[in-house]
Amino acid sequence: MDRKIEKKTWTKKRILAIAGVVALIGLITASFALGGGGSKLNVQSERITVSEVKQGAFQEFIPVNGVIMPLTTIYLDAVEGGRVEEKLVEDGAVVRKGQPILRLSNTDLELSLVNQQTSVYNLITQMQIARNAAQQNTTTKLNQMTDVESTLKEAKRVYELNKTLYEQKAIGLQEFKQSENNYQYQLEKKKLTEQILAQDKTSNAQQVAQAQTSFRGAATALDVMKRKVGDLIVRAPVDGQLTSLEAEIGQSKNKGERLGQIDVLNGYKVRVDIDEHYLPRVFNGLQGEATLAGKTYTLTITKIYTQVANNRFQVDMRFEGAVPDGIRRGQTLQIRLALSDETQALLLPKGGFYQQSGGNWVFRVSPDGSTAYKVDVQLGRQNPDYYEVMSGLKPGDKVITSSYETYTNMQELTIKK
């Protein structure tokens with residue numbers, strides 16, 4: 001007959017499966033304990049750097065490099081092209097305003113000057129000839145006027161005499177009319193001669209004015225040509241030091257070509273390169289400090305060049321107060337450019353730890369110096385020396401500030417002496 005078989009709750013297969021799950025959970029828990037939140041690592045004290053958190057003055061600044069330059073630089077260009085015939089001073093010499101520096105030659109300009117001078121001399125000669133001719137013409141007309149006046153005077157005398165004689169019936173009407181007509185003719189002739197003289201005077205004045213205008217134009221052109229030839233002697237436009245002179249005897253220089261420059265020795269400025277990241281925070285009046293020969297000097301930004309090249313932009317800085325002795329053009333200067341005012345803050349010295357933690361956590365050392373624990377922190381502004389601690393640490397705390405590269409995942413470090 002059939003017999004009912006009871007089903008077993010704890011079979012061997014089921015017990016083995018449960019045991020395997022428990023073992024797996026235990027393994028995961030052990031792995032987490034060793035590699036996660038509770039992991040420990042032994043470190044040698046001589047292989048780490050421990051720094052103390054302290055309260056102090058903090059100022060956000062960046063280190064930048066600047067090049068010393070003259071406050072004012074005047075560029076020296078060739079006003080007229082030509083061949084370098086003579087160097088009158090050498091590069092680096094201190095020159096005075098108007099002092100000759102180079103002598104160029106240009107045969108085309110010199111020939112043009114000769115032609116212009118000849119043109120002016122010819123014009124002067126022609127003016128003299130025309131003036132003499134005008135004077136002779138005027139003299140002739142004045143002589144004619146004298147003759148006309150004399151003839152008129154005689155005609156008037158005869159007319160008045162004949163008029164009296166006619167009234168006395170001493171002469172006939174025809175003789176009287178003849179003297180009257182002659183008199184009227186001489187009157188008209190005098191009027192005509194006076195008009196001719198007036199026109200001649202006006203014409204002479206116009207000719208003289210035109211000749212003077214032509215002469216002034218030619219003289220001006222001659223002066224311009226003389227200046228152009230004079231520009232073949234390159235002179236210093238200001239007092240200063242001649243630098244970057246690029247001219248050798250026999251070399252040809254084109255009009256407008258750069259010959260050199262003159263640095264005005266009335267002060268210095270510093271041309272500074274700054275990362276473009278700081279462009280929004282840089283403004284005129286921002287100050288920095290530089291140390292030379294053990295003395296600290298203050299500099300102020302006076303001009304910002306907003307054009308960015310190679311991820312950097314430039315500013316000009318001026319020394320406030322005394323200028324360092326012995327500085328030279330082209331000398332490099334290291335400057336601490338302040339981006340904020342000086343304030344009191346909690347300070348953590350900078351170190352390699354930031355590369356791994358990003359400033360979000362640090363290893364804080366226990367008071368006895370035997371252990372370091374991972375703690376969360378918040379860091380704010382920074383300068384080349386310190387981070388500003390916003391939270392997570394207090395004055396007197398000691399922190400490992402060397403690199404965390406080999407124990408990023410650790411929670412606790414045991415420091416071995």
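**Exercise 1. Describe the salt bridge between Glu-85 and Arg-83 in this predicted model, and state how far each residue is exposed.**

Solution. The side chains of Glu-85 and Arg-83 form a salt bridge, with an N to O distance of 2.8 Å. Relative accessibility is 27% for Glu-85, so this residue is classed as partly exposed. Arg-83, at 37%, is also classed as partly exposed.

**Exercise 2. Find which parts of the chain are tied together by the salt bridge of Glu-60 and Arg-281.**

Solution.
- Step 1: the two side chains meet at 2.9 Å, N to O.
- Step 2: Glu-60 sits in the loop between β3 and β4 (61–77), and Arg-281 in the loop between β11 and β12 (287–292).
- Step 3: the pair therefore links parts that lie 221 residues apart in sequence.
- Step 4: buried means under 20% relative accessible area. Glu-60, at 10%, is therefore buried, while Arg-281, at 34%, is partly exposed.

The count of salt bridges in the model comes to 20. A network of salt bridges links Lys-87, Glu-90 and Glu-248.

**Exercise 3. Give the strand order of the open sheet of 4 strands and identify its edges.**

Solution.
- Step 1: the order is β3-β16-β20-β19, and the pairing is antiparallel.
- Step 2: β3 (54–58) and β19 (378–382) each have a single partner strand, so one side of each lacks a neighbour in the sheet.
- Step 3: from one strand to the next, the twist averages 55°.
- Step 4: β16 (residues 343–349) and β20 (residues 386–391) are antiparallel and share 4 bridges. Pro-349 is placed opposite Tyr-386 in β20.
- Step 5: a salt bridge joins Arg-381 to Glu-388, with the closest N and O atoms 3.0 Å apart. Arg-381 is partly exposed, at 27% relative accessible area, whereas Glu-388 is buried, at 12%.

**Exercise 4. Do the same for the open sheet of 6 strands, then place Glu-52.**

Solution.
- Step 1: the order reads β1-β22-β18-β17-β21-β2, with mixed pairing.
- Step 2: β1 (40–44) and β2 are the edge strands, each pairing on one side only.
- Step 3: here the twist averages 35° from one strand to the next.
- Step 4: β17 (residues 361–365) runs antiparallel to β21 (residues 398–400), and 3 bridges join them. Arg-364 has Val-399 of β21 as its bridge partner.
- Step 5: Glu-52 belongs to strand β2 (residues 50–52) and is partly exposed, with 44% relative accessibility.
- Step 6: beyond its neighbours within four places in sequence, Glu-52 contacts Leu-347, Pro-349, Gly-396, Asp-397 and Lys-398. From Glu-52 to Thr-401 the C-alpha distance is 9.4 Å, although 349 residues separate them in sequence.

**Exercise 5. Locate the largest nonpolar core and name the elements that each supply at least two residues.**

Solution.
- Step 1: this core has 25 residues, of which Ile-101, Leu-102, Val-234, Leu-242 and Ile-262 touch the most other members.
- Step 2: at least two residues come from each of β7 (100–105), α2 (107–167), α3 and β11 (258–275).
- Step 3: α2 gives the largest share, 5 residues.
- Step 4: a second, separate core holds 24 residues, including Leu-346, Leu-379, Val-389 and Leu-413.
- Step 5: leaving out residues up to four places away in sequence, Leu-102 touches, among others, Val-84, Leu-88, Leu-232, Leu-245 and Leu-259.

**Exercise 6. Is Ser-179 buried or exposed, and which residues does Ser-179 touch?**

Solution. Ser-179 lies in helix α3 (residues 173–230). Its relative accessibility is 7%, so Ser-179 is buried. Not counting residues up to four places away in sequence, Ser-179 touches Ala-155, Val-158, Tyr-159 and Asn-162.

Methods: Residues are numbered from 1 along each chain as its sequence is written. This is a predicted model: local features need pLDDT of at least 70, side-chain atom pairs count only at pLDDT 80 or more; totals for chains, interfaces and linings use all residues. Side-chain values use heavy atoms; hydrogens and water are left out. Two strands pair if DSSP finds at least two bridges between them. Axes are lines fitted to C-alpha atoms, for helices over the stretch in contact, and angles run from 0 to 180 degrees between N-to-C directions. Buried means under 20% relative accessible area, exposed over 50%, partly exposed in between (1.4 Å probe, protein chains only). Contact means heavy atoms within 4.5 Å. A nonpolar core is a set of buried Ala, Val, Leu, Ile, Met, Phe, Trp, Tyr and Cys residues joined through side-chain atoms within 4.5 Å. A salt bridge is a side-chain nitrogen of Lys or Arg within 4 Å of a carboxyl oxygen of Asp or Glu.
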